[in-house]
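Student: I've got the model open and I'd like to test some of the labels people put on residues and pockets. Can we go through them one at a time?

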Amino acid sequence: MKKLFAMAAALLIFVGAASAQTYFNIGYGQGTTTTKFGDMDPDPYNTNIGYVGISHNFRFGDFVGFELGANFVYDYDKTKDEYEGQKAGVKTEYMGVQVPALFNYKLALSRDLAFKFFLGPTFQYGLKYTSTPYVGKEESYSIDYYGDNGFSRLGISASAAFAVEVAEAFRIKIGYDYGLKDLSPSDDIKTTQNVVNFSLAYMF
């Protein structure tokens with residue numbers, strides 16, 4: 001019985017690998033980080049997110065697939081204000097690795113045109129997360145959210161997306177990641193991030 005299960009698993013992996021499609025992805029996201037202090041109203045702010053990576057879609061039959069990817073993510077924001085006649089604000093910088101693991105369903109309209117619907121979790125691991133106040137060209141101390149504030153490096157989102165694939169060579173995709181995990185270490189503060197993202201991919 002164990003040999004039978006092992007053979008079935010090996011066959012499933014072989015079939016999936018044989019029917020796989022690889023994508024090189026580049027994209028942009030509009031992130032909304034929301035911080036809630038106790039019973040106070042949430043305090044959201046937006047950031048600009050860029051990412052680049054590769055993904056592999058394992059097909060099981062003509063319609064169902066499972067796509068696993070790895071992206072490098074860069075998130076940057078700079079608030080602008082004025083202090084004593086000089087420009088002032090805070091620069092926030094984030095770098096991390098993102099791993100989407102999405103089930104998908106393919107609807108082929110023709111050989112050269114297909115729609116895809118995606119659903120599943122996206123995991124993210126932070127490498128760097130800092131903010132630095134500035135006045136004019138002078139920067140003061142930097143806050144390390146991981147080292148100083150104990151923020152969680154691991155983020156988990158529920159993701160949904162829609163894509164159009166053309167000529168089995170190019171893909172345009174729009175998606176939404178809903179942050180499930182509280183990133184703040186404080187019991188009185190809840191921090192989550194939601195992202196609307198757009199990407200272009202070359203299929204090979």
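Student: Why is Ile54 called partly exposed?

Tutor: This is a predicted model, and in it Ile54 has a relative accessibility of 42%. Buried would need under 20% and exposed over 50%, so at 42% Ile54 counts as partly exposed.

Student: Where does Ile54 sit, and what does Ile54 touch?

Tutor: Ile54 belongs to strand E2. Leaving out residues up to four places away in sequence, Ile54 touches Thr22, Tyr23, Asn25, Gly69, Ala70, Asn71 and Phe204. Take Ala70: 16 residues separate Ala70 from Ile54 in sequence, yet their C-alpha atoms are 5.7 Å apart.

Student: What makes Ser199 buried or exposed?

Tutor: Ser199, in strand E11, has 9% relative accessibility. The cut-off for buried is under 20%, so Ser199 at 9% counts as buried. Its contacts, again beyond four places in sequence, are Ile26, Gly27, Tyr51, Arg171, Ile172 and Lys173.

Student: And which class does Gln86 get, and why?

Tutor: Gln86 comes out at 40%. That value falls between the 20% and 50% limits, so Gln86 counts as partly exposed. Gln86 is in strand E5 and contacts Asp81, Val135 and Gly136, with neighbours within four places left aside.

Student: How far is Gln86 from Tyr134, C-alpha to C-alpha?

Tutor: Those C-alpha atoms are separated by 9.9 Å, with the two positions 48 residues apart along the chain.

Student: Zooming out, what is the chain made of?

Tutor: There is 1 helix plus 11 strands. The helix comes at the N-terminal end of the order, and the strands follow. Of the 204 residues, 35% count as buried. Carbon and sulfur atoms own 64% of an accessible surface of about 12500 Å².

Student: How do you know that contacts link residues distant in sequence?

Tutor: Take the contacts between residues at least 6 apart in sequence: 60% of those join residues at least 24 apart.

Student: What makes the set with Ile49 and Tyr51 a nonpolar core?

Tutor: Such a core needs buried residues of the right types, joined through side-chain atoms within 4.5 Å. The largest set that qualifies has 9 residues: Ile49, Tyr51, Val73, Tyr94, Tyr129, Tyr145, Tyr146, Phe151 and Val195. One of them, Tyr145, touches Tyr129, Thr130, Ser131, Gly150 and Phe151, not counting residues up to four places away in sequence.

Student: Which residues are closest to the centre of the largest pocket?

Tutor: That pocket holds about 370 Å³ of space. Its lining has 19 residues, with Thr35, Tyr45, Thr92, Tyr129 and Tyr145 closest to the centre. Strands E1, E2, E5, E6 and E11 each supply at least two lining residues.

Student: How many of the residues lining the largest pocket are nonpolar, polar and charged?

Tutor: The lining has 10 nonpolar, 7 polar and 2 charged residues.

Student: How is the lining of the second largest pocket made up by class?

Tutor: Here the split is 9 nonpolar, 3 polar and 8 charged. This pocket has about 230 Å³ of space and 20 lining residues, with Arg59, Lys106, Ala114, Glu165 and Glu168 nearest its centre. E1, E5, E6 and strand E9 give two or more residues each to that lining.

Note on methods:
Residues numbered from 1 in each chain as written. Predicted model: local features only at pLDDT ≥ 70, side-chain atom pairs only at ≥ 80, totals over all residues. Heavy atoms only, no water. Helix = DSSP H or I, 4+ residues; strand = E, 2+ residues; numbered from the N terminus. Buried < 20%, exposed > 50% of the residue type's maximum accessible area, 1.4 Å probe, protein only. Contact = heavy atoms within 4.5 Å. Areas by Shrake-Rupley, 256 points an atom, 1.4 Å probe, with all protein chains shown as cover. 1 Å grid on protein atoms, 1.4 Å probe; cavity = no way out; pocket = protein on both sides within 12 Å on 5 of 7 lines; lining within 4 Å. Points joined across faces, edges and corners; volume = space filled by probe spheres on them. Nonpolar A, V, L, I, M, F, W, Y, C, P; charged D, E, K, R; others polar.
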